[in-house]
Structures are given as structure tokens and as C-alpha cells.
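I opened a fresh page to keep track of what I looked up in this chain. My plan was to go from the helix contacts to the aromatic rings and then to the chain as a whole.

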Amino acid sequence: IDINILVLVQFGAKVNELIVYGEYWRLLTSAFLHADLLHILFNMYALYSLGKIVETELGGLRYLIIYFFSAITAGLLSFYLTPNIAVGASGAIFGLLGAILIMALFGKSKALKGMV
């Protein structure tokens, strides 16, 4: 099921021109929108798989901090690197993956070290 691009823009997709005019919230809200059903299903599976690891190891508050920081950072990078309209949680999910990598390399968990 495809979603109309105008609907995504209306609900907060990353649109560089609108961000330049002061709609900075789009840097975060775009992470909660998805282009179609398959897009959200893949993102939710990745979020479930990786998020469970991060939350178990670091706790709920740190998990949320990493997720939101990664989502905003991904929005900023997308803003500076591409003029295209963007939606999706992939940047935040890659932030969780990065947190798992850091925990695996520098943490004490043998299970996480085995993932590397």
C-alpha cells in the first residue's frame, strides 16, 4: 500500500525547503513516517530486534536517548546531504546498531562480542 507523498509532507516528512523556513521539527517527525507498508514492516522488525538488545543492556531511558539522538542526527545528515524528501526510521535504527557495536567492542557482554 503506497502512501501519497503529499500526505507525508503534510504529516512531517523531511523537506529541506520547509526546514529552512523554520519547520525544524521535521528533522525528528520524518523518522516516524514511512513510505509504504513494507517500509514500516522492515523498520519495525529491525527496531524490535536491535531495540530489545539496547534496552536490555542499557535500560529504557538510555535506549530512548540513543534512538532520538540518532533520529535527529540522521535527519540533519539527510538535510545536508540530499535535497530529496525523506521519511523512515532507518537512521535511528542504524544508531541503535552503532550502540550495539560500541557495547560489543568495549563492553563486558560475551554475547555481544560474539555478534561482532
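**Entry 1: helix 5 and helix 6**

Which residues in helix 5 meet which residues in helix 6? I kept in mind from the start that I was working with a predicted model. On the side of helix 5, I listed Y63, I66, Y67, S70, A71 and A74, and on the side of helix 6 I listed G91, A92, G95, L96 and A99. Sorting these residues by class, I found 8 nonpolar and 3 polar ones in the contact of helix 5 with helix 6, and no charged residues.

I then looked up how the two helices lie against each other, and I noted that the axes of helix 5 and helix 6 come within 7 Å and cross at roughly 130°. That angle makes helix 5 oblique to helix 6. For the hand of the crossing of helix 5 and helix 6, I wrote down right-handed.

**Entry 2: helix 4 and helix 5**

Next I turned to helix 4 and helix 5, which pack at an angle of about 130°, with their axes 7 Å apart. I reasoned that angles from 115 to 145 degrees are neither roughly perpendicular nor roughly antiparallel, and helix 4 and helix 5 are therefore oblique to each other. The crossing of helix 4 and helix 5 is right-handed.

Which residues make this contact? From helix 4 I copied out L47, G51, V54, E55 and L58, and from helix 5 I copied out G60, R62, Y63, I66 and Y67. By class, the contact of helix 4 with helix 5 holds 6 nonpolar, 2 polar and 2 charged residues.

**Entry 3: helix 4 and helix 6**

I also checked helix 4 against helix 6, where the packing angle is about 35° and the axes are 9 Å apart. Is the crossing of helix 4 and helix 6 left-handed or right-handed? I found that helix 4 passes helix 6 in a left-handed crossing.

The residues of helix 4 that I listed here are N43, A46, L47, L50, G51, I53, V54, E57 and L58, and they meet S90, I93, L96, L97, A99, I100 and M103 in helix 6. I counted by class once more, and the contact of helix 4 with helix 6 divides into 12 nonpolar, 3 polar and 1 charged.

From this list I picked out L97, which has its place in helix 6, residues 90–106. With a relative accessibility of 39%, L97 counts as partly exposed. I also compared L97 with F79, and noted that the two are 18 residues apart in sequence, while their C-alpha atoms are 22 Å apart in space.

**Entry 4: the aromatic rings**

How many aromatic pairs are there? My count came to 5 aromatic pairs. One of them is formed by F32 and Y67, a tilted pair with 6.3 Å from centre to centre and 55° between the planes. F32 lies in the loop between helix 3 (26–29) and helix 4 (37–58), and Y67 lies in helix 5 (residues 60–81), so this pair ties together parts that are 35 residues apart in sequence.

Is Y67 buried or exposed? I noted Y67 as buried, at 7% relative accessibility, whereas F32 is partly exposed, at 48%.

F32 also pairs with F68: the ring centres are 6.0 Å apart and the planes are at 40°, so I entered the pair as tilted. Since F32 is in the loop between helix 3 and helix 4 and F68 is in helix 5, the pair ties together parts that are 36 residues apart in sequence. F68 is partly exposed, with a relative accessible area of 33%. Looking at how the ring pairs connect, I saw that they link F32, Y63, Y67 and F68 into a cluster.

**Entry 5: the chain as a whole**

Last, I stepped back to the whole chain, which has 7 helices and 0 strands. Its C-alpha trace spans about 45 × 30 × 25 Å along the principal axes. Of the 116 residues in the chain, buried residues make up 34%. I also looked at contacts between residues at least 6 apart in sequence, and noted that 65% of them join residues at least 24 apart.

Note on methods:
Residues numbered from 1 in each chain as written. Predicted model: local features only at pLDDT ≥ 70, side-chain atom pairs only at ≥ 80, totals over all residues. Heavy atoms only, no water. Phe/Tyr/Trp six-rings, centres within 6.5 Å; stacked < 30°, edge-to-face > 60°. Helix = DSSP H or I, 4+ residues; strand = E, 2+ residues; numbered from the N terminus. Buried < 20%, exposed > 50% of the residue type's maximum accessible area, 1.4 Å probe, protein only. Axes fitted to C-alpha atoms, helices over the stretch in contact; angles between N-to-C directions. Parallel < 35°, antiparallel > 145°, perpendicular 65-115°, else oblique. Left-handed = near helix turned anticlockwise from the far one by under 90°. Contact = heavy atoms within 4.5 Å. Nonpolar A, V, L, I, M, F, W, Y, C, P; charged D, E, K, R; others polar.
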